[in-house]
Amino acid sequence: MSETAVDDAPAPIPASPKVGPTPRIVTEVPSAVDRRFNAVTMGAGISVLVLLLLVGGFLLIQSSDAISQTGILRFLTRTEWRTDVQPPAIGVFGLLTGTVLVALVAVFFAVPLSVFCALAITEYSTARRRKWLIGVVDLLAAVPSLLFGLWGFLFLSDKMVPISRWLSDNLGFIPFFHTEQNASLTGSIFIAGVVVALMVLPIITSVTREVFSQTPAGEKEAALALGGTRWGMIRAVVLPYGRGGIIGGSMLGLGRALGETIAVALLLPQVPQRIGDSIHILQNGGATVSGFIANRAGADSFTVSGLMAAGLVLFIITLATNMVASVVVSKSRSGAGVDL
Amino acid sequence: MTDLDERALPMTDSGILLAERPSVGRATIIGGPPPGAATLEAKGACAWFGERLVLEGVDLIMPAGQVTALIGPSGCGKSTFLRLLNRMHELIPGAALDGEILLDGDDIYATGTRAQQVRMRIGMVFQKPNPFPAMSIRENVLAGLKLARLKCDEKDDLVEQSLIRAGLWKEVRDRLDSAGGALSGGQQQRLCIARSLAVQPNVLLMDEPCSALDPTSTRRVEETIDELRGEVTVVIVTHNMQQANRVSDSCAFFLAAENQPGVVVEQGPTRKMFENPDDPRTLDYVEGRFG
Ligand SMILES: Nc1ncnc2c1ncn2[C@@H]1O[C@H](COP(=O)(O)OP(=O)(O)OP(=O)(O)O)[C@@H](O)[C@H]1O
Ligand SMILES: [Mg+2]
């Protein structure tokens, strides 16, 4: 018994007659169909992983030139991006700042809007209106981001100026909301963030909607039976239950917003900036990693290598955000709200 | 009634419950239901799910402070009738109704009467215990106040009184801040009863409140119902004939023939319904010969 390893499958038949229980692992031999299907699904899963590794490896190799010349720490902490001086001084920090700020503005606007959208769909609609609303939100997801960018650039930008002006006049004492004299208020991180908010709204809405719709019916009825209004029931039951889904959905949205390219390439001047330096989210200025790459692609080989390095940083950040998000979402589905 | 009294004596729990009762008066809730039990009366109540009529012409009086049991085989519309009584029926898409439900003489479906007001006065305990799992025991008991936006200055008293009335105080007094979902099934159900009682309703509806419970918890819930007699009107759906016999003052027997809507076949004092009912089908049912 002692020399029989538990994970030896199939378990070897003991040589000598045994006394007492012997642990035995029962494994089913899958049928040919199952084996083939298993191979196909495993293959598909693995190919995604391989693709990810290939992209990461490609970025790493391509960026080695720029990183080795600049030094990794310098590259991560430097704000400016100048290839016209010798040696070139490039860094990703200014781009990252812009990227994160745009994404945060986007999520700030998109999350409440998405949550209300999801509530309207799950809690305040008849079956017919629910279908219709879901269709509309899905349609929003199908609009190419270029169109959002063009719309933001040609239409929304001007319309947002009075709002930016008001915010800066009334809340200018908050550092980010400060604007300089005579600065243009179009092409700002704020406006780019609002446009990106519309682009991430569908994903956040669909994740939160999914979680809200799984709220236990018994708890909802309990809240209503106690004399609660629908809104009271939502606050007492649906929102606490869906909290994990809201957080996870927001992070998925954040992941999307971080990588959003065309709209920000169109909307922002793409000049790297840094917090505490000249970041004013309400006025013209700012750059994001992806927008910057889109604008500069096709330059000399050293610049391209630098862009690859910036891309690698973005790749790692979005990957991490999405992984954390999916963990949060999957956790929230099984037994959210049951914090014991 | 005598068998009820006899039964109450040997039960130590009842004695403890009485001894536990605080000397202070009932905590006052501002804006809550008027005090005391209320009479509930159904007049020609009908219910539909979509096109399907599932309940037809139910006339039933549930006298103030008494316990009325609704019995009958599965699918005959007992739950549907119960949910008509506190306007939960209308929450189901496609559900419709006819007739009147009078609470102390006023139709709860009259135009201008809010469902929230009605549900505050007519509490409900469900078949499956449904406490709010993320809230503490204390918060669970006070949830109704919050939801119905009522004020109470003696929240601690209210929590204690409600839990005592539901027969749960002794078991949870030391852990009022632990999660409501961490209790056993029977305790959860009594927590749900405490939660309903905290709003101090005039009527309490119970839909098979003991069907998921063990015999001991069942006995505790029955005791609770017994204690509520006189203070609150109780309407209870049960499949357990002994339970109906033990706890109720009067009884209504629902029956639905195949592809026909449910109707009340017979109603009357529990003693009569169980000993010499007028309708032979009632006798068959209470003696377990069909259903
Ligand atoms: N949500 C619903 N949609 C459609 N039909 C329903 C719905 N709920 C109940 N019904 C139908 O209404 C009839 C009465 O159901 P109800 O739940 O009131 O029965 P019941 O007497 O409570 O049965 P049980 O003792 O099994 O709980 C049944 O025929 C059932 O199929
Ligand atoms: Mg039922």
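Begin the tour by selecting B:L40 together with B:M62, which stand opposite each other, B:M62 lying in β3(B). This is a predicted model, in which local features need pLDDT of at least 70 and side-chain atom pairs count only at pLDDT 80 or more, while totals for chains, interfaces and linings use all residues. Residues are numbered from 1 along each chain as its sequence is written, chains are lettered from A and ligands numbered from 1 in the order in which they are written, and side-chain values use heavy atoms, with hydrogens and water left out.

**The antiparallel sheet of chain B**

Widen the selection to strand β2 (residues 40-49) of chain B, which 7 bridges join to β3(B) in an antiparallel arrangement. Helices (H or I, at least four residues) and strands (E, at least two) are DSSP runs numbered from the N terminus, and two strands pair if DSSP finds at least two bridges between them. Strands of a sheet pair through backbone hydrogen bonds, either parallel or antiparallel. Here the strands of chain B follow the order β3-β2-β5-β6 in an open sheet of 4 strands with antiparallel pairing. At the edges stand β3 (52-62) and β6 (106-107) of chain B, and because each has a single partner strand, one side of each is left without a neighbour in the sheet.

**Strand β9 and its parallel partners**

Next select strand β9 (residues 203-207) of chain B, where 5 of the 5 residues are buried, so that the strand is largely enclosed by the rest of the structure. Buried means under 20% relative accessible area, exposed means over 50%, and partly exposed lies in between (1.4 Å probe, protein chains only). With side chains displayed, B:V203, B:L205 and B:D207 point one way from β9(B), whereas B:L204 and B:M206 point the other way.

Now add strand β7 (residues 122-125) of chain B, which runs parallel to β9(B) and is joined to it by 4 bridges; within this pairing, B:V125 has B:M206 as its bridge partner. Strand β10 (residues 233-237) of chain B also pairs with β9(B) in the parallel sense, over 5 bridges, and there B:D207 stands opposite B:V237. If helix α9 (residues 215-228) of chain B is added as well, β9(B), the helix and β10(B) can be followed as a right-handed β-α-β unit, right-handed meaning that, with the strands pointing away from the viewer, the path from the first strand over the helix to the second runs clockwise.

**Salt bridges within chain B**

From the loop between α9 and β10 of chain B, select B:E231, and then select B:R165 in helix α6 (residues 155-165) of chain B, 66 residues apart from it. These two form a salt bridge whose closest N and O atoms are 2.7 Å apart, a salt bridge being a side-chain nitrogen of Lys or Arg within 4 Å of a carboxyl oxygen of Asp or Glu. B:R165 counts as buried at 7% relative accessibility, whereas B:E231 is partly exposed, with a relative accessible area of 24%.

Move then to B:R87 and B:E90, whose side chains meet in a salt bridge at 3.0 Å, N to O, and add B:R119, which is linked with them in a network of salt bridges. B:R87 counts as buried at 11% relative accessibility, while B:E90 is partly exposed at 32%. A further pair to display is B:K272 and B:D278, with a salt bridge of 3.0 Å, N to O; B:K272 is partly exposed, with a relative accessible area of 30%, and B:D278 is exposed, with 63%.

**Where the two chains meet**

Show both chains, and select the 27 residues from chain B and 19 residues from chain A that make the contact (heavy atoms within 4.5 Å). Between them the two chains bury about 1800 Å², 66% of it on carbon and sulfur atoms, where buried area is the accessible area (1.4 Å probe) that two parts lose on being put together, summed over both. The count between the chains is 1 salt bridge, which B:R83 forms with A:E221, the closest N and O atoms being 2.7 Å apart. On the side of chain B that touches chain A, α4 (115-121), β7, α5 (137-147) and α8 (185-198) of chain B each supply at least two residues.

**A last stop in chain A**

Finish at A:G245 in helix α8 (residues 230-259) of chain A, which counts as buried at 0% relative accessibility. Select A:A325 too: the C-alpha atoms of A:G245 and A:A325 are separated by 9.2 Å, although the residues are 80 residues apart along the chain.
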